[in-house]
Amino acid sequence: MANLCKMSQHATKKRKLDRSTEDYMYFDSYSDVTIHEEMIADTVRTNTYRMGIFKNSKSIEGKVVLDVGAGTGVLSLFCAQAGARKVYAVEASSIADQAVKIVKLNQMEDRIEVIKSTLETIELAEKVDVIVSEWMGYALLHESMLNSVIFARDKWLKPGGLILPSRADLYIAPINDVVVEGRLDFWSTVKGQYGVDMSCMTDFARKCIMNKDITVNPVTVEDVLSHPCKFAELDLNTVTLEQLRDVNGSFSCVCFGSSSIHAFCVWFTVTFPAEEKALVLSTSPFKAETHWKQAVLYLDDAVDVMQDTKVEGEISLYPSEENSRHICIRVDYVIGEQKKHSKSFSIPDQYLEVK
């Protein structure tokens, strides 16, 4: 891969992990209750999946469903409630033991079979009509769970079968960050408060804050400086593993007014097909907040812009060299009349065990 991921400035280069270690770390992170509480409590996420499944009940009723990465089994239960004849709930982490109890508590054990295994190693008695999965990570592709969905599609889905959700779209926009602005300005105020000039700390603070981390934070609508720009679309019926090695696209937008660009903001949507109107689960800053929030990519320095200042460039999402389940992002961009800049980002350690 041409663009190798660089770790954060405060971290040393890490040794590449073998696949079994990557998988163990990933599945172990789902053995604790906290992440499942966060996902179930995300009403935007859970209700949209519920509605997306029920809107496709005609395609599910009497059919066989495969739930990839079933977790606590909530999506499997939704599919059973929508009339599925059989649901294979595949979950590799120890939370599968709790899924068995939840299925039994809801008296669905005759229709839902929990399989405690990795998707790639299971053997099913039949092909399936429907695949459902909540595979999305930060910036859509962190954790690379989509790879398992594609494997399931190619091996177990009947021709013309249904995948829920069926499409994913990625967006980018420049943003202003008043919190970062305040933190950088803070060092210029110390002298007035304590009589000690610490303004020289500003450059150091900028390097620490506006670093190479993919920062996961909620972004407010007021901080978004342009219309969203879609740079990539994934059709889950056709996307390949090879295409996921480098999901990229170009973007071009114009700023709403005078401000400073501190970062780019990346988010995603996934779409559930429906007879009348498709249902969209959005992680946009223009919509209700989800547990995915948004991925924030800080520039090295803030750039002042005016009304109609053009911002354009290319963006690429690809697996980390150290751990293929972890995502890296590279952005090449031009703001106004400035020269072209490039910066690569990676997920910091505090996000490596959660979505």
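T283 is buried in this predicted model, with a relative accessible area of just 2%, well inside the under-20% cut-off for that label. As for where the residue sits, T283 belongs to the loop between β11 (279–282) and β12. The side chain of T283 has a polar partner there: one of its polar atoms lies 2.7 Å from the backbone oxygen of F268. Leaving aside residues up to four places away in sequence, T283 touches W267, F268, T290, W292, K293 and Q294.

Zooming out, the chain is built from 10 helices and 15 strands. Of its 355 residues, 52% are buried. Contacts also reach across the sequence: taking those between residues at least 6 apart, 76% join residues at least 24 apart. The accessible surface comes to about 16,800 Å², and carbon and sulfur atoms account for 51% of that.

Then there are the pockets. Rolling a probe the size of a water molecule over the atoms shows where empty space is left. The second largest pocket has a volume of about 280 Å³. Its lining is made up of 17 residues, with D177, V179, V180, N217 and Y298 lying nearest the centre. Two or more lining residues come from each of α8 (178–194), α9 (201–209), β7 (214–217) and β12 (294–305). Helix α8 supplies the largest share, four residues. By residue type, the lining of the second largest pocket splits into 10 nonpolar, four polar and three charged residues. Strand β12 thus turns up twice in this account, as a contributor to that lining and as one end of the loop that holds T283.

Technical notes. Residues are numbered from 1 along each chain as its sequence is written. This is a predicted model: local features need pLDDT of at least 70, side-chain atom pairs count only at pLDDT 80 or more; totals for chains, interfaces and linings use all residues. Side-chain values use heavy atoms; hydrogens and water are left out. On a 1 Å grid over the protein atoms alone, a cavity is a set of points where a 1.4 Å probe fits but cannot get out, and a pocket is an open set with protein on both sides within 12 Å along at least five of seven lines; lining residues have an atom within 4 Å of a point. Grid points are joined across faces, edges and corners, and a volume is the space filled by probe spheres set on the points. Ala, Val, Leu, Ile, Met, Phe, Trp, Tyr, Cys and Pro count as nonpolar, Asp, Glu, Lys and Arg as charged, and the others, Gly among them, as polar. Buried means under 20% relative accessible area, exposed over 50%, partly exposed in between (1.4 Å probe, protein chains only). Contact means heavy atoms within 4.5 Å. Accessible areas come from the Shrake-Rupley method with a 1.4 Å probe; for residues, only the protein chains shown count as cover. A polar contact is a pair of N or O atoms within 3.5 Å; within protein, one must be able to donate a hydrogen and the other to accept it, and residues adjacent in sequence count only if both atoms are side-chain atoms.
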